[in-house]
Amino acid sequence: MTANQTKKYLPRLIAWEVTRSCPLNCRHCRAAAINEPYPGELTTDQCLGLLDNINGFSKPIIILTGGEPMLREDIYDIAKYGTDIGLRMVMAPCGELVTEQAARKMLDSGIKRISLSIDGPDAESHDGFRGVDGAFDNVLKAAEAARSTGLEFQINTTVSSYNLGQLERILKLAVDLGAAAFHPFLLVPTGRGKELAHLELSPEEYEKTLNWIYDASLESPIQFKPTCAPHYHRIMRQRGSGRQHSASRSTGHPGGLDTLSRGCMGGTSFAFISHVGKVQICGFLDEEAGDLKSNGFDFEKIWFNSPLFNRMRNREEYNGRCGVCEFHNICGGCRARAFAMTGDYMAEEPFCTYTPRALQREDDGH
């Protein structure tokens, strides 16, 4: 890889599954996690050494996720170490364990933001999706604990036909709770989520939903953008025409925070690290890019040398519409969704309705 390529492709965001153990039983869980210890999880020393390696060549945001990351007794030590060496540390807890005392510990360890998941605007809908009675009340208590201690939090929602009609109410709830941002995650049918394939939005519903999100984000008082929906970046370019999202008022960047990244960042600026040290382009695509345990916890080497990561960076490797689309460099299509639906992670995004200009010309006979 050339010096220019090395500079171009640096991890900006790493989701690190510090443990897979989890007290919830979410219907969409990519890991099908259970509330039991998992063998082979990284030791404290291995975790700190991994942070040193990452910090040696890049300064990404580190998302401490799970499972339930708060189940690790050393989680605050890990967070503080990352903070002390200059990394921005954030966390994705389930909510059940987030008390005011825990929130203060997070703040003391340097945690800048947490994410809390709400998949329905009331207990019946949320608890039904999360598989545990009382989960909704727990996440509301967690939001209040974060708000009262000054710990910034965002609300994440897994979007499917189960709750599509409730998105507006969930957004309002996020605003009312004092969240800094609302991030709907478009369902990717992996893990237990395979059983929810019948709840996956159709391509036409995806397009309609992403356009609704665009419209709502223009008026939202908090940052509002979808995740696992890379063609949203196409929609923003198609519809932007000088209008600014609410996020842009705080960032000073045209289009706000939404335009600062590519749709699918997997392998180009994002990576996922599993509970046992397997590196992937994201948590939803269970294809290994490298094994940290076998290479001495050298994440940098995997990042730059992994054939899988390098395929993600090469547009010539993409198939179907994604390979010829003029929006490829800002979208990329969801590789995990392509794999789940076709068995080929380089296939075209199966839930995008757009026909690239090159194919439109072919249809016109030009």
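**Note on strand pairing, helix packing and backbone exceptions**

1. Strand E2, residues 61-65, pairs with strand E3, residues 88-91, in the parallel sense, and four bridges hold the count for this pair. The model is a predicted one. Two of the partnerships can be checked by residue: Ile62 has Met89 in E3 as its bridge partner, and Leu64 has Met91 of E3 as its bridge partner.

2. The connection between these two strands goes through a helix. Leaving E2, the chain passes through helix H3, residues 75-84, before it reaches E3. This β-α-β crossover is right-handed.

3. E2 also pairs with strand E1, residues 13-17. The two run parallel and are joined by five bridges. In this pair, Glu17 stands opposite Thr65 of E2. E2 is thus a partner in the pairing with E1 and in the pairing with E3.

4. The loop after E2 deserves a look at the backbone. Gly67 lies in the loop between E2 and H3. The peptide bond leading from Gly66 to Gly67 is cis, and its omega is near 15 degrees. Anyone inspecting the path from E2 to H3 will find Gly67 in that loop.

5. How do H2 and H3 cross? The axes of helix H2, residues 44-55, and H3 come within 10 Å, with a crossing angle of roughly 20 degrees. Angles under 35 degrees count as roughly parallel, and H2 and H3 are therefore roughly parallel to each other. Their crossing is right-handed. On the H2 side the contact is made by Cys47, Leu48, Leu51 and Asp52, and on the H3 side by Asp77, Ile78, Tyr81 and Gly82. By class, these residues are five nonpolar, one polar and two charged.

6. H3 has a further helix contact, with helix H4, residues 100-109. Here the axes come within 8 Å and cross at roughly 30 degrees. H3 and H4 are therefore also roughly parallel to each other. Tyr76, Ala79, Lys80 and Thr83 of H3 make this contact with Ala102, Lys105, Met106 and Ser109 of H4. The residues divide into four nonpolar, two polar and two charged.

7. Which residues of H5 meet H6? They are Ala123, His126, Asp127 and Arg130, and their counterparts in H6 are Ala135, Phe136 and Val139. Helix H5 covers residues 123-130 and helix H6 covers residues 135-149. Their axes come within 7 Å and cross at roughly 105 degrees. The range from 65 to 115 degrees counts as roughly perpendicular, so H5 is roughly perpendicular to H6. The contact has four nonpolar residues, one polar and two charged.

8. Two residues other than glycine have a positive phi and should be looked at in the model. For Cys228, phi is near 60 degrees. Cys228 sits in the loop between strand E7, residues 223-224, and helix H9, residues 232-239. For Phe297, phi is likewise near 60 degrees. Phe297 is in the loop between strand E10, residues 290-291, and helix H11, residues 299-305.

Note on methods. Residues are numbered from 1 along each chain as its sequence is written. This is a predicted model: local features need pLDDT of at least 70, side-chain atom pairs count only at pLDDT 80 or more; totals for chains, interfaces and linings use all residues. Side-chain values use heavy atoms; hydrogens and water are left out. Two strands pair if DSSP finds at least two bridges between them. A crossover is right-handed if, with the strands pointing away from the viewer, the path from the first strand over the helix to the second runs clockwise. Axes are lines fitted to C-alpha atoms, for helices over the stretch in contact, and angles run from 0 to 180 degrees between N-to-C directions. Angles under 35 degrees count as roughly parallel, over 145 as roughly antiparallel, 65 to 115 as roughly perpendicular and the rest as oblique. A crossing is left-handed if the near helix is turned anticlockwise from the far one by less than a right angle, and right-handed if clockwise. Contact means heavy atoms within 4.5 Å. Ala, Val, Leu, Ile, Met, Phe, Trp, Tyr, Cys and Pro count as nonpolar, Asp, Glu, Lys and Arg as charged, and the others, Gly among them, as polar.
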